[in-house]
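User: I would like to learn how to read burial, aromatic pairs, helix ends and sheets from a model. Please give the general idea each time, then the case at hand.

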Amino acid sequence: SQTSLEEGPAVGHWNTLMPSKGSKEEQGGTECQDAGGVDETQATEQLNVSRLRSSSVEIREKGSEFLKEELHKAQKELKLKDKECERLSKVREQLEQELEELTASLFEEAHKMVREANTKQAASDKQLREARGKIDMLQAEVTALKTLVITSTPSSPNRELHPQLQSPSKAVFRKGHGRNKSTSSAMVSAGSQNTNPEPVSHERREVDSILFAEFQAWRESPTLDKSCSFLDRIYREDIGPCLDFTKQELSELVRAAVEQNTLTIEPVASQTLPVMKAASEECGGPKKCALSGLPRTCKHRIMLGDSGNYYYISPSCRARITAVCNFFTYIRYIQQGLVRQDVELMYWEVTRLRREMSLAKLGFYPSEM
């Protein structure tokens, strides 16, 4: 009985400590339930993680595509801007080149205008000096002429004004040529052109009534129009033949220059070279006369107006031209009222000048020429 009692509680104790089979199954079910919940939670978490991963990959891909598109757009814009910059750079270079060319052309034009202005000013100054020189020369000639005319009267004529009244010993030729223009003093030229073979004081004179009447009619209203009977006769008998040279074209130019008072005669230095624009045959040379065309030693040359062309002339041609110039000079003085003499004295002076033209036309001239 003790043994049974002892074994009894022992059995009961083990029952208490060791659960029964049913309780084990219950515990197993509970544990299975707990394990299943954990698995579901882990699976959910894994699913969520995979979803997050897939969404992040998708976001990355979309972001990468967006960035690529933006980069492509930025590259296109950069290319367009580069092209625009290149175009603007070319435009700038072209504008700079055009500006440089324009500046150079403006400077060149300005220098050209300055040169032209300086040239014109120099020409104007030269013309002014020449005009002043001519005015001074004319004033001196007028003053000398007035002095000679005022001091000459019919009762006591001035011997300088009338060289035919001088004694043979004093009637000598003057060397050189004292004028440049055909408006020079008739008195000086008359002294240098005196070619009387014998003293004038021994000559007898008688007034031609027809010639004197023509001169009186011209003296009442003096003119240089060759249509009047006085000048028409002198043109036909004296001026025309005196200025009729071999070179007809040049002769016409010389006659026109003498009539217009634009003829210049100047001496030629031995070292002076010909300055001319026309042909050498027309202009002649120091050893060839341009008017006669003959080989002659030319000590003088003429210029017609302001043409700048010089023509070399022989002493005989110079004497003929000078005689005509002296005649025109004297009748111009009469026309301008500078000669205050008796009509008969003026007539004899005109007659003397006509004789000088006739002698020069026939080839007589002073040796000093």
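User: Is F215 buried or exposed?

Analyst: Burial is read from relative accessible area, and under 20% counts as buried. In this predicted model, F215 has a relative accessibility of 0%, so it is buried.

User: Which aromatic pair does F215 form, and how are the planes set?

Analyst: Ring pairs are sorted by the angle between planes: under 30 degrees is stacked, over 60 is edge-to-face, and the rest are tilted. The whole structure holds 8 aromatic pairs. One of them joins F215 and Y347, with 6.1 Å between centres and 55° between planes, which is tilted. F215 sits in helix 4 (residues 209-220) and Y347 in helix 9, so the pair links parts of the chain that are 132 residues apart. Y347 has a relative accessible area of 6% and therefore counts as buried.

User: What does an edge-to-face pair look like in numbers?

Analyst: F327 and F328 give the case: the ring centres are 5.8 Å apart and the planes stand at 75°, so the pair is edge-to-face. F327 is buried at 0% relative accessibility, and F328 is buried at 4%.

User: Which residues form the aromatic cluster?

Analyst: A single cluster is made of F212, F215, W218, F230, Y347 and W348.

User: How does the length of helix 9 agree with its number of residues?

Analyst: The check takes 1.5 Å a residue and compares the expected span with the distance between the end C-alpha atoms. Helix 9 covers residues 343-362, which is 20 residues, so a span of 28 Å is expected; the ends are 29 Å apart, which agrees.

User: What is found at the two ends of helix 9, and which of its residues are buried?

Analyst: At the N-terminal end, D342 acts as a cap, with a side-chain oxygen 3.1 Å from the backbone nitrogen of E344. After the helix comes G363, with a positive phi near 105°. The buried residues of helix 9 include M346, W348, V350, L353, M357 and L359. Charged residue types are on that list as well, among them E349, R352, R354 and E356.

User: Why is the phi of N261 worth a look?

Analyst: Most residues other than glycine have a negative phi. N261 is not glycine, yet its phi is positive, near 60°. N261 lies in the loop between helix 6 (248-260) and strand 1 (263-267). At 23% relative accessibility, N261 counts as partly exposed.

User: What is the strand order of the sheet, and which strands stand at the edges?

Analyst: The open sheet has 3 strands in the order 1-2-3, with antiparallel pairing. Strand 1 and strand 3 (310-313) are the edges: each has a single partner strand, so one side of each lacks a neighbour in the sheet. On average, neighbouring strands are turned by 30° against each other, direction ignored.

User: How many bridges join strand 1 and strand 2, and which residues stand opposite each other?

Analyst: Strand 1 and strand 2 (residues 300-304) are joined by 5 bridges in the antiparallel sense. L263 is opposite L304, while P267 has H300 as its bridge partner.

User: Where does helix 6 lie with respect to the sheet, and why is strand 1 called largely enclosed?

Analyst: Helix 6 lies across strand 1, strand 2 and strand 3, and runs at about 75° to strand 2. Strand 1 has 4 of its 5 residues buried, so the rest of the structure largely encloses it.

Methods: Residues are numbered from 1 along each chain as its sequence is written. This is a predicted model: local features need pLDDT of at least 70, side-chain atom pairs count only at pLDDT 80 or more; totals for chains, interfaces and linings use all residues. Side-chain values use heavy atoms; hydrogens and water are left out. The expected span of a helix is 1.5 Å times one less than its number of residues. Buried means under 20% relative accessible area, exposed over 50%, partly exposed in between (1.4 Å probe, protein chains only). A polar contact is a pair of N or O atoms within 3.5 Å; within protein, one must be able to donate a hydrogen and the other to accept it, and residues adjacent in sequence count only if both atoms are side-chain atoms. Two strands pair if DSSP finds at least two bridges between them. Axes are lines fitted to C-alpha atoms, for helices over the stretch in contact, and angles run from 0 to 180 degrees between N-to-C directions. Contact means heavy atoms within 4.5 Å. Rings of Phe, Tyr and Trp (its six-membered ring) pair if their centres lie within 6.5 Å; planes under 30 degrees apart count as stacked, over 60 as edge-to-face and the rest as tilted.
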